[in-house]
Amino acid sequence: MRKNIVAGNWKMNKNVIEAQQLMFQLLEYKKNNATNCEVWIAPPSLYLMMAKDLYEQDEIGVFAQDMSEHESGAYTGEISADMLESIDATGAIIGHSERRQYHGETDSHCNRKVKLALDKGLTPIYCNGETLEQRKSGQHLEVVKNQTEVALFTLSAEEIKKVVIAYEPVWAIGTGETASPEQAQEIHAHIRSLIAAKYGQEVADEISILYGGSVKPDNAKEIFSQPDIDGGLIGGAALKIEDFAKIIEGFNA
């Protein structure tokens, strides 16, 4: 069975005191509440070791917001898979739309990063999704198909089962806009069908596919109830424990 997951991407937010406070709040919440999903966070890289020290004995995944496609070397500012492995990080977000937009990241880059993460025992959260222009012109299914195939389809069946996919319509990230549950479900089912066609339905059914476009406390339950949506990659709403907790509770009966 695939996992239900709520992952919080903090992006470039929180000073060290604020980050520590939010980590403690999440720890207290987890201790005092039963959750029907895995809970992961991706704080700024500066705080990864603090998170791992705090959550060492608890079931909260700690992810980097990005990682290098290179194993080591003269790549100033980059973080390697070996570095993440050495602090026992859970994995890394790969191919987020903001990395694509501001840093020129392509699906070929993502492919190399995904393979390197898997080689080091890390869990990749691979992000894909279309722009508003691509959605309006009816290209969204083809765009997501191409992204998925280039980034992931060089993997073996055993490798791809270890990947978590996050569908994030670019037009719904940080805009307050949200794909309707039906729109999100259409793409999630499309992604799963692509994987099934390549690797078989059994493999496709093991892969968690998250929705990453302005999930909020008031829409989480409806979004998560869709058959092919296995959770969310949460941005702004992950920065307040009250909002993040209510989204986690979107998996409660």
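**Exercises on a predicted model**

At 9% relative accessibility, Glu105 counts as buried. The exercises below concern a predicted model.

**Exercise 1.** Determine which residue forms a salt bridge with Glu105, and state whether that residue counts as buried, partly exposed or exposed.

*Solution.* Step 1: the partner is Arg99, and the closest N and O atoms of the two residues are 3.8 Å apart. Step 2: a salt bridge requires a side-chain nitrogen of Lys or Arg within 4 Å of a carboxyl oxygen of Asp or Glu, so the distance of 3.8 Å qualifies. Step 3: Arg99 has a relative accessibility of 22% and therefore counts as partly exposed, since buried means under 20%.

**Exercise 2.** State how many salt bridges the structure holds, and describe where the residues of the Arg112 and Glu69 pair lie.

*Solution.* Step 1: the structure holds 18 salt bridges. Step 2: in one of them, the side chains of Arg112 and Glu69 meet at 2.5 Å, N to O. Step 3: Arg112 belongs to helix H5, whereas Glu69 lies in the loop between strand E3 (60-64) and H3; the two residues are 43 residues apart, and the pair links distant parts of the chain. Step 4: Arg112 is partly exposed, at 40% relative accessible area, and Glu69 is also partly exposed, at 23%.

**Exercise 3.** Explain why the salt bridge of Glu71 and Lys120 ties together separate parts of the sequence.

*Solution.* Step 1: the side chains of Glu71 and Lys120 meet in a salt bridge of 3.4 Å, N to O. Step 2: Glu71 lies in the loop between E3 and H3 and Lys120 in the loop between H5 and E5, so the pair joins parts 49 residues apart in sequence. Step 3: leaving aside residues up to four places away in sequence, Lys120 touches Ala81, Asp82 and Glu85 as well as Glu71.

**Exercise 4.** Identify the residues with the most contacts inside the largest nonpolar core, and the helix that gives the most to this core.

*Solution.* Step 1: the largest nonpolar core has 72 residues, and Tyr55 and Leu152 have the most contacts inside it. Step 2: helix H9 (residues 181-199) gives the most, with seven residues. Step 3: a second, separate core of 12 residues includes Trp40, Phe63, Ile93 and Cys127.

**Exercise 5.** Locate Asp88 and decide whether it is buried or exposed.

*Solution.* Step 1: Asp88 is found in the loop between helix H3 (81-86) and strand E4 (91-94). Step 2: its relative accessibility is 54%, so Asp88 counts as exposed. Step 3: Asp88 has a positive phi of about 65 degrees although it is not a glycine.

Key. Residues numbered from 1 in each chain as written. Predicted model: local features only at pLDDT ≥ 70, side-chain atom pairs only at ≥ 80, totals over all residues. Heavy atoms only, no water. Contact = heavy atoms within 4.5 Å. Helix = DSSP H or I, 4+ residues; strand = E, 2+ residues; numbered from the N terminus. Buried < 20%, exposed > 50% of the residue type's maximum accessible area, 1.4 Å probe, protein only. Core = buried A, V, L, I, M, F, W, Y, C linked by side-chain atoms within 4.5 Å.
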